[in-house]
Amino acid sequence: MSKKKLICIVCPNGCEIEIDGDKISGYTCKRGLDYAKSEFLNPVRSLSSTVKIADSDLVCPVKTSKPIPKGKMFEVIKEINKVSIKKPIKYHQIIIKNVLNLGVDIIATKEF
Amino acid sequence: MNQNKIYDVIIIGGGVIGTAIARYLMRFDVKVLLLERHNDVGEEASGANSGIVHSGYDPKPGTKKAKFNVLGNKMMPEVAKELDLNFKQIGSLTLSFSEEDDKTLLDLKKRAEENGVDVKLLSKGEVFKIEPNLSKEIHGALLAPSAGIVSPFGLTVNLMENAMDNGAELLLNHEVIEIEKISEFCRVFCGNGAFFDAKTVVDAAGALADKVQEMIEKPSFSITPRKGEYFVLDHFNNDFIKHTIFMCPTKVGKGVLISQTTSGNYLVGPSNDSCDVDDVSTDALTLEDIKKTALKICPNLPFNETIREFSGVRPNSNVDDFVIEESKNFNGLFIVGGISSPGLASAIAIGDYVSKLIRDKLSLKDNLNYNPNIRKHISLSKIGKEKYNELIKKNPSYGKLICRCEKVSEGEIVDSIHRNCGAHTIKGVKKRIRPGFGKCQGTFCEAEVLKILARELKLPLEEICYSELGTNILLKAQKGAENE
Amino acid sequence: MNKKDLVIIGGGSAGLASAISAYDEGVKDILLIERNAELGGILNQCIHPGFGLHHFNEELTGPEYAHRYIEELKRRNIEYLLNTQVTSISKDKIVTFMNENGIQKLECKAIIFATGCNERTRGQILTPGYRPKGIYTAGLAQKYMNIDGRLVGKNIYILGSGDIGLIMARRMTLEGAKVIGVSEIMPYSNGLKRNIAQCLDDFNIPLRLSNTVTKIFGKDKLEAIELSDVDKNLKPIPGSEKIVKCDTLLLSVGLYPFNAMLKNAGCKVNLETKGSLVDQNLETTIEGIFSTGNVLHVHDLVDFVSEESERAGKNAARYILNKRGKSLNTLNVKHSENVSYVLPTIIKVYENNEPIIFSFRVKKPIKKTTICIKNSAKILLNMKKMNLLPAEMIKITAKDLDLKNSDDLVLEVKEDE
């Protein structure tokens, strides 16, 4: 594995963390180390978007119930964009169960 | 549109001149069609100028400018009533900063007397009594009490609305590209393939008036467009400057003016530079110059209250006067061009005059059903709380404020859409009744206005345009494709 | 005239938190007035996560953050009106409002003004050129995107690295638009680090610092923009121009309190924040009129809006219930040159003073600093902090300040080596 750099975003200090093979350096706290590990090994992101509400000009905001692999964001958005849901929509109602078999649901973040 | 119908008059150009001619023509028994190349009337000079109804002291005595300006100013109070416009005769002050300016003011006073305009020279002390925020450097000023302000776009739209109320027809997005004489009438061709026949044609094409004349004959004048850039300040204080403030005219031009608008904003400008016909861009250096000059007139003018900058193109011409004439070679063509400042103040007088020329030409009878009044606009500030509450009971949408900066209700927006010459774009609503004109510049209300437009015009959201055709705000929805 | 103990204007994060805390402090006769068709304010269009880390210790989206407060409001049966616009407030605390039932007036004992902020627009930053369609504030584009599900364009450029702009860069990219880049006139970003990393870096969207839009092209529709580098005085450098084709320009160039109504009522304005002048109770210069949230000063995190508004609610309730002692004297709070503003600017000294919370922002990034609060006689509080950024609001809580015989206070931010 080659050298990689990233700016830590855990706190405003903004430490510059470097990874070289197995060696991680430049962090100044444990949270920074954890962040760097996850960013280098398996970066994940929470994703939010909207789904169409049937018979309405509005959309319903949704999110992933857990962070998903960073590389899967566009694929998940594609799935979200296929869906159209009917009212009433409950808060945290599951809109798509286990999206793309990632073990993560798409849930509504607002009620309609 | 019935292509076989022969109109009595086709007016080319929906600026304040074209719409004024249309309005006054409707006093007669006449078929009128107005062709406008943009997606609304008043899209060029008529929608982007100082909004000053000059008193008429400035134009050279004996010119058409002098005649129509003075007349237009006198006509305006009544026309404003008929057209439900807010015309405020706030008076103008032309400032002197030097002995040379003092002399100019004396000359202007003489001119005013010749033009039949009431003016008064004020001493420095007298000026400060009425305008304490002006520069301490001034020597004195010439007061012209009859000068006033009006919404220039409002005047244009309401003239057209009234013309249409009385039967005139309007076609937007019809750019005239060719005019042909066919036996007794003229055939006017548009860029979109449509053509229309008429006994007479009025060229009121503003900055393109010479180009329109050129479609038929050698133009009698040429337009040399001049650009004017402006600052718009928020309505921070209605007493800060109460009159329209001019600088003394010099060889270079009239200089920068500071004036309130009818909505209580302050307008600062214009610059005066030659430009292309459709160049309405602003530039940093010009604006900086305007600012510098304005601060000389009024050192505490709060430019931090700026909410917008804009520019408009004045249709100046190489003739030192308005061009208002019937073509000598081409029977039935009327040229009304080069209507630069004081064009707004003169528009209604020109409309009146040209409509009578055409009446005489075509021996038109009076229109016995002519109604000079448009349906009144309703707003809280005009009718007061009690009456407004009754209105809300009848029509709750008047109780829903859409624009919080300028306090415009949904009911007013709906009304502006369903009038003759009604609003059908975001800009159209904005320029008619002001949502989007305030400090937030539509940040809060544009999305609401867009939905109201779509609902009232029965169009999908993505078909609502900002201004011209093709300026759709939203892309098509791409959500929920699978289920549809 | 109808009467109310407390009227709260604005049903966003600030208004909701104020209402709940005033209720819990013992005032039950409350009316909350919201202009939109739903409560939650701007949180409703902020569908991204990142809210609540301070307040709820978990990461919520905007609608979820609002939901929690709305549930609390409803549980207390606090009265609220939707689709209702307050049109004026008078100095004797009469609130005039309008809705589909008509125009009404209400006489109240106290008012909390919580109407949020506006985005700065093109007119305010003076970008020359044409005025075509295609230029939006980031917030308006966000509303179209997240409430109406519509994009405003396909090829986007963003001016200003404020957080809304960064968030929109990610949202529009995810929804299929191409975000070409972001320009920031300052030599540092104005957004949170996390947003630079997750909204720009994740999608390889370039951020150009010390760069701005100097010209707009396209008469009816936006066709292109001209970018220029700027010098130390933020003036465009001739020769550095670059033309970028795009159909949309989003502006994320700052926010300002929408404070006109309070100004018109006669509340004095803080010229630095553009909000009202307030004391540590968040009370304006008119007794019984309080101001909180983004209409008071622009916050970086909603969590801090909630916290401030809870104080406003509590203090308004204590005012209504006559629980507040008489103040012994009044001090002004000033600040050092490198601070852009500090709140409160007025401190009322009581027999028993509650901890005073100071909020401020610095003018430029400072690595290591000592913050102190002092009067002419001595230093009252001294603390070290790292990495102060203009984008971040700094909050310090001062307990047990001995103010009884104090003269005016100064908040000083010293740069340490």
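A residue is termed buried here if 20 or more other C-beta atoms lie within 10 Å of its own. That criterion underlies the description of helix H10 of chain B given further below. The model is a predicted one, and the account begins with its chain B.

Chain B comprises 484 residues, and its secondary structure consists of twelve helices and 21 strands. Along its principal axes, the C-alpha trace of this chain extends over about 70 × 60 × 45 Å. A compact globule of 484 residues would have a radius of gyration near 23 Å, and the value for chain B is 23 Å, so the two agree. By the criterion stated at the outset, 55% of the residues of chain B count as buried. Among the contacts in chain B with a separation of 6 or more, 72% join residues that are 24 or more positions apart.

Helix H10 of chain B, residues 410-418, illustrates burial at the level of a single element. Because seven of its nine residues are buried, this helix is largely enclosed by the rest of the structure. The buried positions are Glu410(B), Gly411(B), Glu412(B), Ile413(B), Asp415(B), Ser416(B) and Ile417(B). The cover over these residues includes two strands of chain B, E20 (401-403) and E21 (408-409). It also includes two helices of chain B, H11 (426-433) and H12 (446-457).

Chain A is divided into two domains, with domain 1 covering residues 4-41 and domain 2 covering residues 48-108. Taken over C-alpha atoms, the centres of domain 1 of chain A and domain 2 of chain A are separated by 31 Å. The mean pLDDT of chain A is 90, and 97% of its residues score at least 70. Among the elements of this chain, strand E1 (residues 4-7) has the lowest mean pLDDT, at 81. The highest, 98, belongs to strand E10 (residues 106-108) of chain A.

The contact between chain C and chain A draws 22 residues from chain C and 22 residues from chain A. On the side of chain C that touches chain A, helix H2 (62-75), helix H6 (193-200) and strand E25 (379-388) of chain C each supply at least two residues. H6(C) gives the most to this side, contributing four residues. In chemical character, the residues on the side of chain C that touches chain A divide into eight nonpolar, seven polar and seven charged.

How values were computed:
Residues numbered from 1 in each chain as written. Chains lettered and ligands numbered in written order. Predicted model: local features only at pLDDT ≥ 70, side-chain atom pairs only at ≥ 80, totals over all residues. pLDDT = per-residue confidence, 0-100. Rg over C-alpha atoms; globule rule 2.2 N^0.38 Å. Buried ≥ 20, exposed ≤ 12 C-beta atoms within 10 Å, placed from the backbone. Contact = placed C-beta atoms within 7 Å. Nonpolar A, V, L, I, M, F, W, Y, C, P; charged D, E, K, R; others polar. Domains from an automatic or database assignment.
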